[in-house]
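Trainee: Before I reuse any of these labels, can we go through what backs them up?
Mentor: Sure, let's put the model up and take them in turn.

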Amino acid sequence: MKTLKVAIEGCCHGDLNKIYKGIPSSTELLLICGDFQALRNTSDYQALSVPEKYRRLGDFQSYYTSKKKAPVLTIFIGGNHESSSYLQELKYGGWVAPNIYYLGEFGSVHYKGLSICGWSGIYNPHTYMNKSFNVERLPFDSNSIRSVYHQKLSNFLKMYLQRDMDIVLSHDWPVGIEKFGDKYRLLKQKPFFTQDIKKGQLGSPLNNVLLHHLKPRYWFSGHLHVKFKANVNHNISKPKQVKNANEILLDMESSDEASDGENQPQKKMKPNGHVVHDTQFLALDKYGPRRSYFEVINIPILENNHPSVHDDGLYYDKRAIAINRVVEKYRIDQKTEFESMSPREILRDPRKLEKFIPLVAKESEEINQIDDNQFVIPKNFEVVAPADYDGELKYYPNAQTEEYCRKFGIPQQDYQL
């Protein structure tokens, strides 16, 4: 069986040079689980939610200006410490620098036979429950500089509608994931997690729903700055329900089984013949001396219909395009109905989202008629924001976003003032 040598890194925080230096030269793909900090210039500090004393450009600017080039294809999602203005300009994903690809607020791509899906930001109960349908625009104030990276209902909907993922990336953990790994060791390393676990607050309830719904082979996260492994068995017959601090009922598998040394998820056969894999969960630390910030895994390539098995190209995921079409059009054409949806009720019963499945199927039929060459992600990165700019933060329309929306018929949001 063919495998792909993949390095997974936790939180980047701008330390690209040291991360690239630390991974083996034979690495074929690097995945970074948030807090990437794609700062192009000092003006981008105005979109970075960190205390002023911690502001620094980091290494990214050298890659943005092509003074350096990433030695391996790098794919990342956003966290809660990002250059949010730049990432907004690439809502649907795109190249932030040569050989460095951002998945977007929600995104899915294929590389050498692997399907890689993810969503950016973190869960915040106040923002999510209060139906923040408005788009944050520049200049950010003390609230919007944070809410801009809080996950919204529309992107949860997009993730829920995905299928057949090999890998899912999220910044924060699925709530309850500690039950499937060595919780004792975790609490020995991070004893202050104890109260959050008791309250059902260590992680995201949205990611918990997605973990058990999507059932990917692998799920990688960062955010909590500790290495943690777990193996989630999706074939437990009797899940149990618990309540988190926000009184949301969550289905939690009743198994505490863990796999601390296996990199390949186990697979089970359902009665209908469909193979369901266990999910191998891995969270990693941020970069730093004596920190477990990366791990290399040889991931098997399964026999499937994913493109790009034999070449080095990055491909758009057709279903993700159909999902973007459906959700973005629905938000415009059915604005009143969309804004009447209750995020709290949907989190309690995500099956309410299944009415969108036939809409995605219909769009997928149309997208499948497009020539396969149109799904090769073009290497069309361009420097837009000057690297030496230090004035008032500006929004720079990105041609990558415009081309993606035009090619696949997806309405664009206006992030400008």
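## What backs the labels

Mentor: Start with the open sheet: it has 7 strands in the order 10-15-9-8-7-6-17, and the pairing is mixed. Keep in mind that this is a predicted model.

Trainee: What makes strand 10 and strand 17 the edge strands?

Mentor: Strand 10 (228–232) and strand 17 (314–316) each pair on one side only. From one strand to the next, the twist averages 20 degrees.

Trainee: And how do you know that strand 6 and strand 7 pair?

Mentor: Pairing takes at least two bridges, and strand 6 (residues 106–111) has 6 of them to strand 7, running antiparallel. One partner of that kind is W119 in strand 7, which sits across from F106. The hairpin of these strands has 2 residues between them, and K112 takes a positive phi near 50 degrees there.

Trainee: What makes the pairing mixed?

Mentor: Strand 6 and strand 7 run antiparallel, while strand 7 and strand 8 (residues 167–169) run parallel, joined by 3 bridges. C117 has V168 of strand 8 as its bridge partner. Strand 9 (residues 218–221) and strand 15 (residues 279–283) are parallel too, with 4 bridges, and F220 stands opposite L282.

Trainee: Why is strand 7 called largely enclosed?

Mentor: 6 of the 6 residues in strand 7 (residues 114–119) are buried, so the rest of the structure largely encloses it. In a regular strand the side chains alternate between the two faces of the sheet. Here L114, I116 and G118 are buried on one side, and S115, C117 and W119 are buried on the other.

Trainee: What makes helix 6 mostly covered?

Mentor: In helix 6 (residues 153–160), 8 of the 8 residues are buried; among them are L153, F156 and K158.

Trainee: How do you know that K152 and E136 form a salt bridge?

Mentor: The cut-off is 4 Å between a side-chain nitrogen and a carboxyl oxygen, and this pair comes in at 3.4 Å, N to O. K152 lies in the loop between helix 5 (144–147) and helix 6, and E136 in the loop between helix 4 (125–129) and helix 5, so the salt bridge ties together parts 16 residues apart in sequence.

Trainee: Why are K152 and E136 called buried?

Mentor: Buried means under 20% relative accessible area. K152 has 12% and E136 has 11%, so both labels hold.

Trainee: What about E295 and K227: which is buried and which is partly exposed?

Mentor: E295 is buried at 10%, whereas K227 at 30% is partly exposed, given that this label runs from 20% to 50%. Their side chains meet in a salt bridge at 2.7 Å, N to O. E295 is in strand 16 (residues 294–300) and K227 in the loop between strand 9 and strand 10, so the pair ties together parts 68 residues apart in sequence.

Trainee: Why does D172 have no salt bridge, although buried?

Mentor: The nearest side chain of opposite charge, K152, is 12 Å away, and a salt bridge has to be within 4 Å. D172, in the loop between strand 8 and helix 7 (183–189), does have a polar side-chain atom 2.9 Å from the backbone nitrogen of Y123. That is within the 3.5 Å cut-off for a polar contact. D172 also touches residues including G121, Q151, N207 and H223.

Terms used: Residues are numbered from 1 along each chain as its sequence is written. This is a predicted model: local features need pLDDT of at least 70, side-chain atom pairs count only at pLDDT 80 or more; totals for chains, interfaces and linings use all residues. Side-chain values use heavy atoms; hydrogens and water are left out. Buried means under 20% relative accessible area, exposed over 50%, partly exposed in between (1.4 Å probe, protein chains only). Lys and Arg count as positive and Asp and Glu as negative; His and the chain ends are not counted. A polar contact is a pair of N or O atoms within 3.5 Å; within protein, one must be able to donate a hydrogen and the other to accept it, and residues adjacent in sequence count only if both atoms are side-chain atoms. Contact means heavy atoms within 4.5 Å. Axes are lines fitted to C-alpha atoms, for helices over the stretch in contact, and angles run from 0 to 180 degrees between N-to-C directions. Lists of a residue's contacts leave out its neighbours within four places in sequence.
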